[in-house]
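Please lead me through this structure, beginning with its pockets and going on to its enclosed space and its aromatic rings. I am new to it and would like a careful account in connected paragraphs.

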Amino acid sequence: MLPSQPLLHTAVLALTVLQAFASDTFIAAVYEHAVILPDATLQPLSPDDALALMNKNMDVLEEAIKTAAQQGAHIIVTPEDGIYGWLFTRETIYPYLEDIPDPAVNWIPCTDPARFAPAPVQERLSCMARNNSIYVVANIGDKKPCNSSDPSCPSDGHYQYNTDVVFDPEGKLVARYHKYNLFMSEIQFNYPKEPEAITFETPFGKFGIFTCFDILFREPAVVLVSELQVDTVLFPTAWMNVLPFLTAVEFHSAWAMGMGVNFLAANTHYTGLSMTGSGIYAPYGARTYYYNMKTEDGHLLIAELDSHPRLSPASPPVVNWSSYASSVKRFSPNDHDFGGLIFHDRFTLTELTKPEGNLTVCQKDLCCHLSYKMAGKQEDEVYVLGAFDGLHVVEGKYYLQICTLLKCKSTDLNTCGQPVETAQTKFEMFSLSGTFGTNYVFPEVLYSGVQLAPGEFEVLSDGRLISRTRPTKPVVTVTLFGRWYEKD
């Protein structure tokens with residue numbers, strides 16, 4: 001006699017949980033989604049038309065979720081804006097929003113859809129998780145009514161939040177996060193009154209979650225890792241790549257290494273806004289990643305991670321980021337330092353005029369030291385060493401300390417810092433360090449073609465970022481990206 005469907009589901013779920021408990025690792029998945037966008041309009045759609053658009057996107061996500069589950073994944077992260085897109089006004093996004101309850105209510109929308117206000121998106125996401133026995137992470141919009149007794153209540157009588165939700169393998173809502181650091185174009189959403197630090201326990205470690213622009217700020221990103229000690233961070237994003245330091249794959253990989261956690265980054269895919277770059281990252285480097293500016297395809301990534309990366313023998317050592325650089329003298333005075341803009345910030349730069357050598361460049365309290373040897377430098381390629389110590393003020397205000405070795409766009413030094421994706425020059429070795437005032441420093445190495453270098457460099461405990469392969473692949477940039485949260 002065949003078991004009933006509920007009994008079969010319970011048996012499968014129990015087996016999944018037991019397997020997760022029996023192992024110190026888990027299988028993670030992220031899906032980079034080419035979002036089906038609504039037509040541009042200044043008039044709100046009907047709720048039915050909005051749901052029809054969201055169902056088209058959820059059809060795609062459901063196939064990715066099924067595939068990931070069939071390949072053994074325990075959790076899958078999908079992108080920010082992955083269900084309805086972007087470029088809304090406050091009024092036009094409203095039909096896409098649902099009231100998302102506090103997870104403390106212990107709710108499985110798939111089996112009890114009528115318990116709260118109609119929530120067809122939550123119901124469907126819950127069923128995707130339950131039917132495939134997998135944690136599902138998605139980004140949707142939350143609406144919360146308010147009234148005149150609340151002095152900050154918007155004039156239309158409700159708050160609207162950019163929101164991440166997590167459903168467990170039973171389909172239960174286990175986490176809800178309201179994005180705190182809104183990007184400048186997110187006029188359709190409200191900030192929550194206080195930043196939220198959202199965590200939840202799983203059989204394979206303690207998880208935290210935040211969204212896109214949040215990564216550049218102390219709350220909630222640093223709080224989750226440094227104070228709440230999460231093992232893995234979930235990161236729905238709609239990341240617009242900015243070379244040379246802020247392409248999704250390089251910065252997200254570097255953040256995982258600098259913070260010592262697993263990082264599951266799922267990006268939207270839309271080359272018209274330079275949106276691509278997703279990955280599954282460990283503290284010791286990328287396990288798998290995807291960057292594609294040539295086509296408009298979605299892409300599923302799956303990789304195995306340590307459940308408790310801080311306990312892993314492969315976990316990198318604790319780094320004193322200024323130890324080495326503070327102990328050495330300036331390698332040589334530079335008579336030819338010059339200024340250059342990199343992503344709106346004015347760096348102090350100096351050219352690498354010789355095929356090998358030692359250089360120092362300083363700005364304010366930050367001195368960056370470089371030892372290097374090129375392997376057959378190309379005559380039509382120019383590299384510089386740069387330092388920036390100051391306040392970035394363009395799409396947000398935050399203090400940075402950056403040391404970088406980077407390729408200029410052309411032999412004209414005025415192009416140094418402009419975006420460039422390709423290079424030919426390889427290095428026999430490099431060692432980059434800086435007199436950082438912050439402990440939050442993220443190491444990046446980006447090769448030609450926007451390719452990462454997992455396993456091909458390391459950070460020593462004294463703060464030196466050094467090459468491990470001889471020679472390297474062609475280098476676009478080697479960077480120590482410091483974020484001085486304490487000065488904000």
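In this predicted model, domain 1 (25–311) and domain 2 (322–487) both contribute residues to the lining of the largest pocket, so the pocket lies between them. Its volume is about 800 Å³, and of the 35 residues that line this pocket, those closest to its centre are Met257, Gly258, Gly260, Pro316 and Pro317. Several elements take part in the lining, since α5 (218–227), α6, β11 (285–290), β20 (441–447) and β21 (457–459) each supply at least two residues. Among the elements that form the wall of this pocket, α6 gives the most, with six residues. Sorted by class, the lining of the largest pocket comprises 21 nonpolar residues, nine polar ones and five charged ones.

The second largest pocket, with a volume of about 570 Å³, likewise draws on both domains, for at least three residues of its lining come from each of domain 1 (25–311) and domain 2 (322–487). There are 28 residues around the second largest pocket, and Phe183, Ser185, Cys212, Ala238 and Met240 are the ones that lie nearest its centre. By class, the lining of this second largest pocket divides into 19 nonpolar, four polar and five charged residues.

From the open pockets we can turn to enclosed space, where the model has one cavity of 30 Å³ or more. This largest cavity holds about 70 Å³ of space, and the residues that line it are Phe245, Leu246, Ile342, Phe343, Asp345, Phe347, His392, Tyr398, Leu400, Ile402 and Phe481. Two strands, β14 (345–351) and β18 (398–407), are the elements that give two or more residues to the lining of the largest cavity, and the largest share, three residues, comes from β18. In terms of class, the lining of the largest cavity is made up of nine nonpolar residues, one polar residue and one charged residue.

Two of the residues that line the cavity, Phe245 and Phe481, lead on to the aromatic rings. The model contains 30 aromatic pairs, and one of them is formed by Phe245 and Phe481, whose rings meet edge-to-face, with 6.4 Å from centre to centre and 65° between the planes. This pair links distant parts of the chain, because Phe245 stands in the loop between β8 (232–237) and α6 (248–259), while Phe481 belongs to strand β23 (residues 475–483), 236 residues apart. Are these two rings buried or exposed? Phe245 has a relative accessible area of 5% and is therefore buried, and Phe481, at 2% relative accessibility, counts as buried as well, because the cut-off for a buried residue is under 20%.

Phe245 and Phe481 also belong to one aromatic cluster, whose members are Phe210, Phe235, Trp239, Phe245, Phe251, Trp255, Phe263, Phe347, Phe388, Phe442 and Phe481. Phe347, another member of this cluster, is also among the residues that line the largest cavity.

Aromatic rings also meet charged groups in this model, as two examples show. The charged end of Arg464 is placed over the ring of Tyr324, at 4.4 Å from the centre of that ring. In the other example, the charged end of Lys487 sits over the ring of Trp484, and here the distance to the ring centre is 4.8 Å.

Terms used: Residues are numbered from 1 along each chain as its sequence is written. This is a predicted model: local features need pLDDT of at least 70, side-chain atom pairs count only at pLDDT 80 or more; totals for chains, interfaces and linings use all residues. Side-chain values use heavy atoms; hydrogens and water are left out. Rings of Phe, Tyr and Trp (its six-membered ring) pair if their centres lie within 6.5 Å; planes under 30 degrees apart count as stacked, over 60 as edge-to-face and the rest as tilted. Helices (H or I, at least four residues) and strands (E, at least two) are DSSP runs, numbered from the N terminus. Buried means under 20% relative accessible area, exposed over 50%, partly exposed in between (1.4 Å probe, protein chains only). A charge sits over a ring if NZ of Lys or CZ of Arg is within 6 Å of the ring centre and within 35 degrees of the ring normal. On a 1 Å grid over the protein atoms alone, a cavity is a set of points where a 1.4 Å probe fits but cannot get out, and a pocket is an open set with protein on both sides within 12 Å along at least five of seven lines; lining residues have an atom within 4 Å of a point. Grid points are joined across faces, edges and corners, and a volume is the space filled by probe spheres set on the points. Ala, Val, Leu, Ile, Met, Phe, Trp, Tyr, Cys and Pro count as nonpolar, Asp, Glu, Lys and Arg as charged, and the others, Gly among them, as polar. Domain bounds come from an automatic or database domain assignment.
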